[in-house]
Amino acid sequence: MTSKHHAQEDVFTSDRFQRSVKRRRGAERRLKVFGGTAIAVATGLLLILFVSISAQGYTAFTQTQLSVPIDLRAEELRVAAPELDAALRNVNFRKLVREGLESRLGAAEDRRGRREMMALLTPSAGYFIQQQVRANPDWIGTVRDVWLPASDDIDIIKKGFAPRDVPEEQRLITDRQLAWVERMEAGGFMEGRFNSMFFFGNDSREPEIAGIFGAAVGSILMLMVTLVVSLPLGVAAAVYLEEFAPKNWWTEFIDVNIRNLAAVPSIVFGLLALAVFIRLFGIPRSTPLAGGLALSLLTLPTIIIAARAAIAAVPPSLREGALELGASKLQTVTQVVLPSAMPGILTGTIISMAEALGETAPLLMIGMVAFMVDTPAGILDPAAPLPVQIYTWSTSPERAFAEKTAAAIMVLLVLLVFMNSLAIYLRNRFQHKW
Amino acid sequence: MIQSLFASPKSQRPKPEPVRTRGAGPAVSGGHDAKMVCREVNVFYEDFHALKDVTIDVNNREVLALMGPSGCGKSTFLRCLNRMNDTVDGARITGDVLLEGKDIYDPNIDPVLIRSRIGMVAQAPNPFPKSIYDNVAFGPRLHGLFDRKSDLDELVEKSLRRAGLWEEVKDILDHSGTGLSGGQQQRLCIARAIANGPDVLLMDEPVSALDPVAAGVIEKLITELAERYAIVIITHSLEQAHRIADRTAFFYLGELVEAGATEEIFTNPKDKRTKHFIEGMFG
C-alpha cells in the first residue's frame, strides 16, 4: 500500500508528467484564444453592419419641413359637413400653398421663379393640405401655419448630403432656391422634424413622402399566411415521422429529403410557387396569399426539423409513463409529448418565420415587386413586403431613397431582433426540468 | 448475522394467507387468491429469447419481489404484465397471462384497458411537466370517468393521501410536479398510478434512484399499499426484499429459477444459483 502510494507521488512529480500537464494547459489556452477571436470577429462584423446601416439610415427618421401660412378663409369652404368633400375638391390648394410661400418669401418675379418656389415643397403639398383640412374642419375660416414636407432636393441640401457652396450648375438647387432656403432657415420656418410619414405612409414616387407602412402590413399578412400553413403541417409531419412512422428505408429517404429541402436556394421555391400556386392553382400574383404560400415551402423543412428535434428530446420515460397509465398512442402524443415539445417547436417556428420575413428572392419570382401606394387590406390585395420594398428603394435613382433604404433595413433588423429575442425568451421561460 | 440484518417491520403486518408451496418446482403460487396467473410465458426480442417458460402467480394483497442479476429478465417479465412489451419493436410473447381469469393478450382486448387496471411505477420518477393535480388526474381524465370537478378533486386527494403525499402538497397542487424532491416525485408517480383504481401495482426498482430516507418512506408506503393491491416489485436489495416482500422470485438468464416465501428463499434456497446470488451479495 505504502510503496504504491510512493510510486504514484513519483509519477505526479516526474518531468514527463509535468510536461504533459503543461501541454494540456497550453492546448486549452489556445482553444480559448481561438474561440474568443472567432466571437470577437463575429461581433465586430455585426457591429459594423449595425453602425454603417444606422449611420446611413438615422437621418430618414427626420424630414425637412417648411412652415407655410395657409389662408382658409375662402367663401366656398364655408359649407356644412355633408358638402365639405365636394367643396374641398373644388378648392385649388396648390394655389393656397403658393400664396402662403409668397407671403413668406415675396412674390416670384416670373413663371420660372414661381415653379422654382413651388419646387421647395413636395409636389403633393396641395393634396397634403386637403387631407389636413378634411381631418380638421375647424381650420376653415382661419389662417394656419402648416408644416409641409420639403422636396427631396431641399431635404438633402438641408441635411448636408449635397454641398451648398458650389457654383449653381453643380448644385442640386438654383441660386434663387438657395437664397429662399436660407431666408426660411433664418426665420425659423424650416427645420428637421420627426418623419411620421416614414412609419405611417406608403410607398411613393416622391421620396420625401414615401413610407414603409404598407410594406410592413404586407409582410405581416404574408407571415400570417406562412404561419397558418406551415406550423400545423410541419408539426403534423414531425409528429408522424417521430412517433408513428416505422423506421425503415422509406422514412430514412423522406428524412434525407427534408434535410435537403432546408438547404435548397430560396429562388427555387419561388419558381415552384410560380408554377404551382400561380399558374396551376390560379392564385392571384403579388398577393400576400401567394407570397405566404411560397414562403411556407421555405419554412416547412425548417419547422419539421426543429419540431422533430424537440419531440425527440422529450424523454421516453414520459411517453412510457403516459402509456402505462392507459393513454392511447394519440393521447400520449397530444397530452404529454406535444406540450413538452412545444417550447422547442415554437422557438424553431419563430426563427424560421424570422428567416421568412427577410426573404426576398422567391417573392421577386412571384411578382411581389409591385409599386404599391395603397395599404393591402387583406391577403388577396397586392402587396410589396418589407424586403422587396428595400430592394425597390435601393434601385431608385433619387439620393433621398438611399437613406430610406437604410432606415427600412433598420426597421427590418429591429423586427428580426425582436422575433429572435422572443424565441430565446420562450426557450428560457418554458425550459423543462424533466 | 444475516438474521439480524433482516430485522424487519414486515412481520408486524398481518398476512392474508399462509404461504404454501406446490410440488417440487418453483413455488408459483402463494395460495388460491391469485390476481394474475402467468403460465409458460416466453418473450422474444427479435431472435433473443429474453424470458423462458415463466410460470408464476401474482396474489391479492401481497408483495412479490423479483430479484436476479442485471439482464436476467425481471423487467421483461414486469413489462409482460401490463403489455408494455407491445411497444417494443420486434417483441413477441407466447404463453398465457391472465388477469382475474381473462387473457390480457386476447386480441379483442385493448392494451390501453389493461394498462389502466395495472399501475406501473418506473425506476426513475417520471412526473409529467404538469401541475401536481394534473399529474394525478391524468389517468382518470384519459378515461373520462368524471363529469364533475368535485369528484375528480376528491379522487386526487384520496390518491395523494394513499401515496402519503397529501400533507406535503395540499397547498401547492398547482405547482409543477417536476419541482418536487425525488422522493416526493416518486410518491406522486405512485399516486398517479393509484388514481386509475388499478388491481395490480408494478414497480421497477422504485427506490433505487432515491436517498435512503426517501427510500425508507416509499418502502413503508409499499407495505401499506399491499393491504389493497397486489404488488410486484423489482429490487436489487436483499434487505429491501426481506423487509417488504411476502414472496420472492429469483430470475437468472431469462429463467424463473425459484419462487417462494421470502424467508424461505433467503435462508434455505433450493437452487444453488439462488444460493450463489444471495451469498455473493453479502460477500
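**Exercise 1. Classify D134(B) by accessibility and describe its salt bridge.**

Step 1. In this predicted model, D134(B) has a relative accessibility of 26% and counts as partly exposed.
Step 2. The class follows because partly exposed covers the range between 20% and 50%.
Step 3. The salt-bridge partner of D134(B) is R141(B), with the closest N and O atoms 2.8 Å apart.
Step 4. R141(B), at 42% relative accessibility, is partly exposed.
Result: the bridge joins R141(B) and D134(B); D134(B) is partly exposed, and R141(B) is partly exposed as well.

**Exercise 2. Determine which elements of chain B the salt bridge between D57(B) and R39(B) ties together, and whether each residue is buried or partly exposed.**

Step 1. The N to O distance between the side chains of R39(B) and D57(B) is 3.1 Å.
Step 2. R39(B) belongs to strand β1 (residues 34-45) and D57(B) to strand β2 (residues 48-59) of chain B, so the bridge connects parts 18 residues apart in sequence.
Step 3. D57(B) has a relative accessible area of 4%, which makes this residue buried.
Step 4. R39(B) reaches 28% and is partly exposed.
Result: the bridge links β1 and β2 of chain B, with a buried acid and a partly exposed arginine.

**Exercise 3. Carry out the same analysis for R117(B) and D199(B).**

Step 1. The closest N and O atoms of this salt bridge are 2.4 Å apart.
Step 2. R117(B) sits in helix α3 of chain B, while D199(B) sits in the loop between α7 and β7 (200-204), so the parts tied together are 82 residues apart in sequence.
Step 3. R117(B) is partly exposed at 32%, whereas D199(B) is buried at 18%.
Result: a helix and a loop of chain B are joined by the pair.
For context, the structure holds 39 salt bridges over all chains. In chain A, E109(A), D110(A), R112(A), E116(A) and R176(A) form a network of such bridges.

**Exercise 4. Describe the interface between chain B and chain A: its extent, its polar links and the make-up of the chain B side.**

Step 1. Contacts involve 23 residues of chain B and 18 residues of chain A.
Step 2. About 1700 Å² is buried between the two chains, 61% of this area coming from carbon and sulfur atoms.
Step 3. Of the area that chain B buries against chain A, 28% is supplied by N126(B), P129(B) and L142(B), more than any other three residues give.
Step 4. One salt bridge crosses the interface. R79(B) and E320(A) form this bridge, their closest N and O atoms lying 3.6 Å apart.
Step 5. Five residue pairs are in polar contact between the chains.
Step 6. On the chain B side, the elements giving two or more residues are α3 (111-117), β6 (118-121), α4 (132-142) and α7 (182-194).
Step 7. That side comprises 10 nonpolar, nine polar and four charged residues.

**Exercise 5. Locate the largest nonpolar core and find what L160(B) touches.**

Step 1. The core has 48 residues; L160(B), I190(B), M203(B), I222(B), L225(B), I231(B) and I233(B) touch the most other members.
Step 2. Helix α8 (residues 212-225) of chain B gives six residues, the largest share.
Step 3. Beyond four places in sequence, L160(B) touches I132(B), V136(B), L165(B), W166(B), V169(B), L173(B), L188(B) and A191(B).
Step 4. Another core of 43 residues lies apart, F61(A), A383(A), M410(A) and A423(A) being among its members.

**Exercise 6. State how far helix α2 of chain B is covered, and name its buried residues.**

Step 1. The helix spans residues 74-81, and seven of its eight residues are buried.
Step 2. The buried set is K74(B), T76(B), F77(B), L78(B), R79(B), C80(B) and L81(B). R79(B) in this set also forms the salt bridge with E320(A).
Step 3. After α2(B) comes R83(B), with a positive phi near 60°.

**Exercise 7. Identify the buried residues of helix α6 of chain A and what covers them; then place S151(A).**

Step 1. In α6 (residues 125-135), A125(A), G126(A), F128(A), I129(A), Q130(A) and V133(A) are buried.
Step 2. Their cover includes β1 (62-71), α3 (81-90), α4 (93-105), β2 and α9 (196-200) of chain A.
Step 3. S151(A) lies in the loop between β2 (143-149) and α7 (152-159) of chain A.
Step 4. S151(A) is buried at 7% relative accessible area.
Step 5. Beyond four places in sequence, S151(A) is in contact with A119(A), L120(A), L121(A), T122(A) and E208(A).

Terms used
Residues numbered from 1 in each chain as written. Chains lettered and ligands numbered in written order. Predicted model: local features only at pLDDT ≥ 70, side-chain atom pairs only at ≥ 80, totals over all residues. Heavy atoms only, no water. Helix = DSSP H or I, 4+ residues; strand = E, 2+ residues; numbered from the N terminus. Buried < 20%, exposed > 50% of the residue type's maximum accessible area, 1.4 Å probe, protein only. Contact = heavy atoms within 4.5 Å. Buried area = accessible area lost by both parts, 1.4 Å probe. Salt bridge = Lys/Arg side-chain N within 4 Å of Asp/Glu carboxyl O. Polar contact = N/O pair within 3.5 Å; in protein donor to acceptor, adjacent residues only side chain to side chain. Nonpolar A, V, L, I, M, F, W, Y, C, P; charged D, E, K, R; others polar. Core = buried A, V, L, I, M, F, W, Y, C linked by side-chain atoms within 4.5 Å.
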